[in-house]
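Here is a quick tour of one protein structure. Have the sequence and the 3D view open as you read.

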Amino acid sequence: MMHERGLGRLAAWAGDVAAFVLPQRCPGCGAAASPARLLCDGCRAAIPRVSFALCARCLARGQARSGCKAHPGHAVWAAWLYDERASRVVHALKYQGRRGLAAGLAFELARVVPPAPRMDLVLAVPLHSARRRERGYNQAGLLAEALAGAIGVPRLEGAVERVRDTRPQARLDPRARRANVAGAFRVKDPDRLEGRNVLLVDDVITTGATFEACLEALGRAGARAAGVALAWAQ
Ligand SMILES: [Zn+2]
Ligand SMILES: [Zn+2]
């Protein structure tokens, strides 16, 4: 366990260092690319954009995906559709220790967050502490930190915690995903969130189940919460 943890940290550290030492080729097309951005400008610009707010609740139930007026407090904006190029970026940020990518990605997130209402706080979807130790960092936390800086809104750390570890969601259907994360999140300090406009950040939205559980915890704490993700994996 300690061994794995040490390797995870080393990989996290080495990822950014290697990125600046080795010559960089865009993994999308092989052209020269900036280490701070991974993809070349052309591949980045070619990733399809999402032009509407997703409803985390309807997505989690496998129903209508957008244009939902029935579930306030469940809106999630996504910057990109999760295509091959987007998946390379997310994978590098999440598993290859490329933490330096977060700064550039924050501008993709900032682009899709509506200017009103003005946000008071930026939060990240938390990882369970065991997984965070393994990886050495929370990729959603990196994005939240960078986004907070980009839009000039304070980042609040540790306000939401994952009270139990959940199984990886990738192979679960929507109903199983909802059951998997139901009650997984707890707001630690509701006084700091009550009545505030809160923006919740994650790297990818898939069925919306994680966003749904986390946004509902924030809503119960009296926050007016909305989500933003880098990519929507349909
Ligand atoms: Zn390219
Ligand atoms: Zn809905």
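Let's start with the largest pocket: 33 residues line it, and K94, Y95, Q169, D203 and V204 are the ones nearest its centre. Six elements give two or more residues to that lining: helix 4 (84-95), helix 6 (129-135), helix 7 (139-151), helix 8 (174-181), strand 6 (197-205) and helix 9 (209-220). Helices (H or I, at least four residues) and strands (E, at least two) are DSSP runs, numbered from the N terminus.

Before going further, keep in mind that this is a predicted model, where local features need pLDDT of at least 70 and side-chain atom pairs count only at pLDDT 80 or more, while totals for chains, interfaces and linings use all residues. Residues are numbered from 1 along each chain as its sequence is written, chains are lettered from A and ligands numbered from 1 in the order in which they are written, and side-chain values use heavy atoms, with hydrogens and water left out.

**The two pockets**

What counts as a pocket? On a 1 Å grid over the protein atoms alone, a pocket is an open set of points with protein on both sides within 12 Å along at least five of seven lines, whereas a cavity is a set where a 1.4 Å probe fits but cannot get out; lining residues have an atom within 4 Å of a point. Grid points are joined across faces, edges and corners, and a volume is the space filled by probe spheres set on the points.

The largest pocket comes out at about 730 Å³, and its lining splits into 15 nonpolar, 10 polar and 8 charged residues. Here Ala, Val, Leu, Ile, Met, Phe, Trp, Tyr, Cys and Pro count as nonpolar, Asp, Glu, Lys and Arg as charged, and the others, Gly among them, as polar.

The second largest pocket has a volume of about 400 Å³. Its lining is made of 21 residues, with P126, L127, R132, N138 and G158 nearest the centre, and divides into 10 nonpolar, 5 polar and 6 charged. Strand 3 (121-124), helix 6, helix 7 and strand 4 (160-162) each supply at least two of the lining residues, and strand 4 gives the most, with 3.

**The zinc ions**

Next come the metal sites, where donors are N, O and S atoms within 2.8 Å of the metal (3.2 Å for Na, K and Ca); water is not among the atoms, so sites may look incomplete.

| Site | Protein donors | Distance |
|---|---|---|
| Zinc ion (ligand 1) | C26 (SG), C29 (SG), C40 (SG), C43 (SG) | 2.3 Å |
| Zinc ion (ligand 2) | C55 (SG), C58 (SG), C68 (SG), H71 (ND1) | 2.1 to 2.2 Å |

Four donors count as tetrahedral if all angles lie between 85 and 135 degrees. The site of ligand 1 is tetrahedral, with angles of 105 to 114 degrees, and ligand 2 has a tetrahedral arrangement because its 4 donor atoms subtend angles of 99 to 117 degrees. Along the chain, the donors are spaced C-x2-C-x10-C-x2-C for ligand 1 and C-x2-C-x9-C-x2-H for ligand 2.

How covered are these donors? Buried means under 20% relative accessible area, exposed over 50%, and partly exposed in between (1.4 Å probe, protein chains only). C26 is buried at 3%, while C29 is partly exposed at 47%. For ligand 2, C68 is partly exposed at 26% and H71 is buried at 18%.

**An aromatic pair**

The structure holds 1 aromatic pair. F52 and W232 meet edge-to-face, 6.0 Å centre to centre with 80 degrees between the planes. F52 sits in the loop between helix 2 (41-46) and strand 1 (54-55) and W232 in strand 7 (residues 224-232), so the pair ties together parts 180 residues apart in sequence. Rings of Phe, Tyr and Trp (its six-membered ring) pair if their centres lie within 6.5 Å; planes under 30 degrees apart count as stacked, over 60 as edge-to-face and the rest as tilted. W232 is buried at 4% relative accessibility, whereas F52 is partly exposed at 34%.

Technical notes: Four donors count as tetrahedral if all angles lie between 85 and 135 degrees; four count as square planar and six as octahedral if opposite donors are over 155 degrees apart and all others between 65 and 115; anything else is irregular.
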